[in-house]
Amino acid sequence: MNERFKIKRWSLRTRIFLSMILITLFASFLIAIVAVYQFKKEAKDYNEDRLERKEAAIKAHMNYVLSTTTYPMTTENLPLIFRERIHELSNIHGMEINIYDLNGHLLKSSKAAFSVDTINSNIPPKILKVLRSIAEKRYVDQKVNDGKKSRSSYSYIKDNKFKPLGILNLPYIEDDGYYDKETNNFLMRFVQVYSFMLLLSVIIAYFLSSYITRSIKEISERIKETRLNEVNEKIDLGDSPQEISLLVDAYNNLVEDLDESATKLAQSEREQAWREMAKQVAHEIKNPLTPMRLTVQSFQRKFDPNDPNIKQKLDEYSKTLIQQIDTMSAVASAFSSFASMPAQQNETLNVVKIVQLALEIFNEPYITFHSDEPYIITRMDRTQLIRIITNLVKNATQAFDENQSNPTVDVRVYRKGDKAMILVKDNGKGITIENKNRIFEPKFTTKTSGMGLGLGIIKNIVENYHGTITFESEPGQGTSFLVTLPITAPEGNEMETNDKPI
């Protein structure tokens, strides 16, 4: 894998250079193979022709002997006819001569008497069968013994009436010494010429690859300098090859399109920024309005002039309304100055108390609250914590169908290690599988109203305080959101709390 990656990273110039060298090597190698093949073919053709010429000359000489002999021309008389003349024929033509009868038995040989036993006394049946079946009445058997190639021709000896008398066998050992010598001489000269041509090819390939890649390198450097938000210059290479001109034209057209796209993108980004800010401001203002409305409704419902704690309750309601009004005022001020949302006012808080306070604005009887201990202290913005609880509980109350039986929303606060845990659990319709991965996306909502910014903003708030927010949901079973916040103070006095409706 690493080697393949390195090859891919080679420059175009290097690849062109290596390609030309490889082409030269391949062409030279091909020429050498063709030349050696040609030498071998010429040697084979030479030996075939030489054997045919020798055979024709010997048969012509034998026909002359047969025409001048005083013996009757029969197969049995062949040893007598050629008793003395066979050695003369062998010496004149420089060939070993063997004469067989028509059944393949040896009758006469030009070899000395003491070495005749090294000759096959009978023609192999396979060769005899082939010789009888072919129309040419001639067969050449080829063999390789101890690295030496040999041929052995078999043909009929005929009388003056073309009647077969016997079989002529001419063993012939191929002599490739001349062609082997010529092949070696050629290869030596080829290596010398090839070395010179390889050196010349390297030089030519180097300068040619440099020339080809020079224009491409300039285009590549210009492309590297291309930026979306800057003015990009077009390329003018003057007189250049057609392929390079096409590439330059394509780049110049791309620069024009890029400049036009950059202008449109900048305008679109400005418009999008204003739209996003308007949505965020609307959401930030809408968040305080809901608890303010619920607070006023709760005050109307629970107001009792004769209540001995009426002053304290009135004071708590007033503080809640003032906090929400201050939040809206800060949002309006931030929007008017085109700045960020209200700065966080961190303070040491009792998470248990703030969650209880946030739940008092809801009138639904099925909302319950439970805390494992009375004090769990953290440090964060009070308004932001109320916003987290309000949003999660509000979403939970909207998760029920109209025919939902026994709806419940359970809010629980507990400690786990050095973390404060806030659990909001409902038994509503749950979140579908396809929506689970998008639940925290800005502008994503499954409700018919709202802009889908609530959970995304809550997630940002929680993460800004180094906390986490996760959820588990089963369609038709309900959903539970778990908020984790760091604890920044030791435990307070323990206090017994029970499940109670809010």
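## Strands, helices and the overall fold

Strands are DSSP runs of E with at least two residues, and helices are runs of H or I with at least four, both numbered from the N terminus. By that rule Leu 107 belongs to strand S2, residues 106–109. The model is predicted.

The protein chain holds 12 helices and 13 strands. Buried residues account for 34% of its 502 residues. Contacts reach far along the sequence: among those between residues at least 6 apart, 64% join residues at least 24 apart.

## Around Leu 107 in S2

Leu 107 is partly exposed, at 27% relative accessibility. Leaving aside residues up to four places away in sequence, Leu 107 touches Thr 75, Leu 78, Pro 79, Ile 99, Tyr 100 and Asp 101. The C-alpha atoms of Leu 107 and Asn 77 are 9.6 Å apart. Along the chain those two residues are separated by 30 positions.

## The largest nonpolar core

In soluble globular proteins, nonpolar side chains tend to be buried together. Here the largest nonpolar core has 43 residues. Val 355, Leu 359, Leu 392 and Ile 422 touch the most other members. Four helices and strands of this core come with their ranges as follows: H9 (351–359), S7 (367–371), H10 (382–397) and S9 (409–416) are among the elements that each supply at least two residues. S10 (419–426), H12 (454–464), S11 (468–474) and S12 (478–486) also each supply at least two. H10 gives the most, with seven residues.

A second core lies apart from this one. It has 18 residues, including Ile 81, Phe 82, Ile 97 and Leu 165.

## H9 and Val 355

Which residues of H9 are buried? They are Val 351, Val 352, Ile 354, Val 355, Ala 358 and Leu 359. These buried residues pack against strand S6 (346–350), S7, strand S8 (377–381), H10, S9 and S10.

Val 355 shows the packing residue by residue. Beyond the four places on either side in sequence, Val 355 touches Phe 369, Ile 389, Val 411, Val 413 and Ile 422.

## H4 and its buried face

Helix H4 spans residues 85–93. Its buried residues are Ile 86, Leu 89, Ser 90 and His 93. Viewed down the axis of H4, the buried residues fall within an arc of 100 degrees, so they line one face of the helix. The general geometry is familiar: an α-helix has 3.6 residues a turn, so residues three or four places apart point the same way.

Gly 94 follows H4. The phi of Gly 94 is positive, near 65 degrees.

## Buried polar residues: Glu 55 and Gln 384

Glu 55 sits in helix H2, residues 12–68. Is Glu 55 buried or exposed? Its relative accessibility is 4%, so Glu 55 counts as buried, the cut-off being under 20%. Not counting residues up to four places away in sequence, Glu 55 touches Arg 138, Ser 153, Ser 155 and Leu 170.

Gln 384 is in H10. Gln 384 is also buried, at 11% relative accessibility. Its side chain makes a polar contact of 3.2 Å with the side chain of Arg 387.

## Aromatic rings

The whole structure contains two aromatic pairs. One of them joins Tyr 366 and Phe 400. Their ring centres are 5.4 Å apart and their planes meet at 80 degrees, so the pair is edge-to-face. Tyr 366 lies in the loop between H9 and S7, and Phe 400 in the loop between H10 and S9, so the pair ties together parts that are 34 residues apart in sequence. Phe 400 is buried, with a relative accessible area of 13%.

A charge also sits over a ring. Arg 412 lies over the face of Tyr 414, at 4.1 Å from the ring centre.

## Positive phi outside glycine

Most residues other than glycine have a negative phi. Two residues here depart from that pattern: Asn 406 and His 466.

Asn 406 has a positive phi of about 50 degrees. Asn 406 lies in the loop between H10 and S9. At 64% relative accessibility, Asn 406 is exposed. His 466 has a positive phi near 60 degrees. His 466 lies in the loop between H12 and S11. With 66% relative accessibility, His 466 is exposed.

Technical notes:
Residues are numbered from 1 along each chain as its sequence is written. This is a predicted model: local features need pLDDT of at least 70, side-chain atom pairs count only at pLDDT 80 or more; totals for chains, interfaces and linings use all residues. Side-chain values use heavy atoms; hydrogens and water are left out. A nonpolar core is a set of buried Ala, Val, Leu, Ile, Met, Phe, Trp, Tyr and Cys residues joined through side-chain atoms within 4.5 Å. Buried means under 20% relative accessible area, exposed over 50%, partly exposed in between (1.4 Å probe, protein chains only). Contact means heavy atoms within 4.5 Å. The arc is that of the directions from the helix axis to the C-beta atoms. A polar contact is a pair of N or O atoms within 3.5 Å; within protein, one must be able to donate a hydrogen and the other to accept it, and residues adjacent in sequence count only if both atoms are side-chain atoms. Rings of Phe, Tyr and Trp (its six-membered ring) pair if their centres lie within 6.5 Å; planes under 30 degrees apart count as stacked, over 60 as edge-to-face and the rest as tilted. A charge sits over a ring if NZ of Lys or CZ of Arg is within 6 Å of the ring centre and within 35 degrees of the ring normal.
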